[in-house]
Amino acid sequence: MKHQDRRIETPYSAKRRSFLKTSAGAAGALAVPAFYGKAALAQQKDYPKLGNYPDGVAGDTVTAGLTLDLTGPYSAEGNGQKRGFELAAELINNGDPRVRKISPLTKQGILGKKLVLAIGDAETKPNSAVQAATRFIRQDKAMMIAGSVSSSVAIALQNTCDRAKTLYFPIISGSSDTTGKDCRRYGFRLCHHAYTASKAIAPVLAEAYGKNMKAIHLVPDYNYGHSIHEFMKKFTEEQGWTTIDTPQIHPLGATDYSAYMLNIANSGADILINHDYGADAVNSAKQAHQFGVLKNMKMCVPYMPAYMLEEVGPEIMEGVYGTMVFWHAYSEQNEIARDFVEAYEAKFGAKPRDPEHNAYMTTLLWADAIERAGTFHPAEVVKALEDSINHKRPYTMGGEAYFRAEDHDGAANFTIVRGKKPSDIKDKDDLVDIVAIADGVATLPPVGYAGCKMTDYT
């Protein structure tokens, strides 16, 4: 059954390389408390109408429209994002002091306005995502749109929101094009992507396996798949690896990988670089095991989906390298991560993964930019985000996070992981070892590497 759009009122209540650091439908209107009515006092200056401003903040609430993959091949990630947004909104609306470690000016709500979430199912389809975002912008007067897993969805949403002068945040988007040739003034991406993941993991793989490996690539046939295939080929070849020039390209959402696995098994490769994500990654990894491919070659998942580990199982994932934005075990070393993990566990009774984390952190950084701007005016919020290099915020994976003004690429550390031996696993959440922390600044591509040309503010 297709999920219906709905509106939710949240309750109150190191030394590997220079860039690596080694380390272990809408609900009815509800009564709003009086303190949210003071929001207007926070906006000292009149700004011209732009996008949904000022209509979208005329009352005591502000709406974020979420286009989430609640069904389709990336539904696990989409539902994880939903939980992350709900947690962030709850903490913001409650005035939780943990929020102020990332958004120091936030007191209760955003500029005193209660954050409301409007949620629609993107189904991992650009058309469905754009239709949902358009409804949120036109009907709900949303001041921000967020949510994606597929980069094709993210790029389509970014174009839609840019035309509407509405802030857009892709929560997961692995294609480097999103902040490369397809960059837009109103789009900001926090998560790492094909270029940064490939640059970080290639030397780790060369150190682990040697510099004379032959690699074959399994590639989903859409923007992300081609982007990460390009950069993994580039960075592994710089390490001395050879690429077998017959990439196995398959449609998104494939279920039968038998023909691809036969070709991979007969390729003479030493390592399978699996570029699949979500349910595709789960299915292809299981079939690689079933067809005996992994008896004779290693596997790497350079952009590893968080839920793949438990769904595929440690017997297959043992020793498999990948990158992730976040891994909960780092909370033992980092206060911001610890705050997030503890709050998430208290609300949902589980450890959070990448999708939850990305949604949570993005929402708090958006709130921080609004508070610094002192207004919801879209162009002023964009400028505040572009100035975030002067307002870096502590980050869950160590260091500080900000958005690069030239292309809106997120500068934030991420983790390189390796699947644990089954005998070493202590519990259901103890699935990987953190091999290294990739430096989010040093792994960024050069400014202008992919022809980013920003659109206008107005």
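## Strands β16 and β17

Threonine 415 sits across from isoleucine 437 of β17. A second facing pair in this region is arginine 418 and aspartate 433, the latter again in β17. Strands β16 and β17 (residues 432-438) run antiparallel, with six bridges joining them. Pairing here takes at least two DSSP bridges between two strands, and strands themselves are DSSP runs (E, at least two residues), while helices are H or I runs of at least four residues, with numbering from the N terminus. This is a predicted model, where local features need pLDDT of at least 70 and side-chain atom pairs count only at pLDDT 80 or more, though totals for chains, interfaces and linings use all residues. Residues are numbered from 1 along each chain as its sequence is written, and side-chain values use heavy atoms, with hydrogens and water left out.

β16 (residues 414-419) also pairs with β12 (residues 321-324), antiparallel as well, over four bridges. Here methionine 324 stands opposite threonine 415 of β16. How covered is β16? Mostly: five of its six residues are buried, where buried means under 20% relative accessible area, exposed means over 50%, and partly exposed is in between, using a 1.4 Å probe and protein chains only. β17 is mostly covered too, with six of its seven residues buried.

## The β13-β14-β15 sheet

Next up is an open sheet of three strands, ordered β13-β14-β15 and paired antiparallel. The edges belong to β13 (393-394) and β15 (410-411), each with a single partner strand, so each has one side without a neighbour in the sheet. As a general point, strands of a sheet pair through backbone hydrogen bonds, either parallel or antiparallel.

β14 and β15 are joined by two bridges and run antiparallel. Phenylalanine 403 faces glycine 410 of β15.

## Valine 441, after β17

Valine 441 falls in the segment after β17. Is this residue buried or partly exposed? Partly exposed, at a relative accessible area of 44%. Setting aside neighbours within four places in sequence, valine 441 is in contact (heavy atoms within 4.5 Å) with Tyr402 and Ala411. From valine 441 to threonine 160 it's 281 residues along the sequence and 29 Å through space, C-alpha to C-alpha.

## Helix α13

Helix α13 (residues 378-386) is mostly covered, with seven of its nine residues buried. Those buried are Pro378, Ala379, Val381, Val382, Ala384, Leu385 and Glu386. The cover over the buried residues of α13 includes β6 (167-169), α12 and β14 (400-403).

## Arginine 353

Just ahead of α12, arginine 353 lies in the loop between α11 (335-348) and α12 (354-373). What does the side chain of arginine 353 make polar contacts with? One partner is the side chain of glutamate 310, at 3.0 Å, and another is the side chain of aspartate 429, at 3.2 Å. A polar contact is a pair of N or O atoms within 3.5 Å; within protein, one must be able to donate a hydrogen and the other to accept it, and residues adjacent in sequence count only if both atoms are side-chain atoms.

Arginine 353 is buried, with a relative accessible area of 3%. Not counting residues up to four places away in sequence, arginine 353 touches Ala306, Tyr307, Glu310, Phe326, Trp327, His328, Lys428, Asp429 and Leu431.

## Helices α4 and α5, with serine 227

The axes of α4 (residues 194-209) and α5 (residues 223-238) come within 8 Å and cross at roughly 35°. On the α4 side the contact is made by Ala194, Tyr195, Ser198, Lys199, Ile201, Ala202 and Leu205, and on the α5 side by Ser227, Ile228, Phe231, Met232, Phe235 and Thr236. Axes are lines fitted to C-alpha atoms, for helices over the stretch in contact, and angles run from 0 to 180 degrees between N-to-C directions.

Serine 227 has its place in α5 and is buried, with a relative accessible area of 5%. The side chain of serine 227 reaches the backbone nitrogen of serine 176 at 3.0 Å. Neighbours within four places in sequence aside, serine 227 is in contact with Ser175, Ser176, Asp177 and Ala194.
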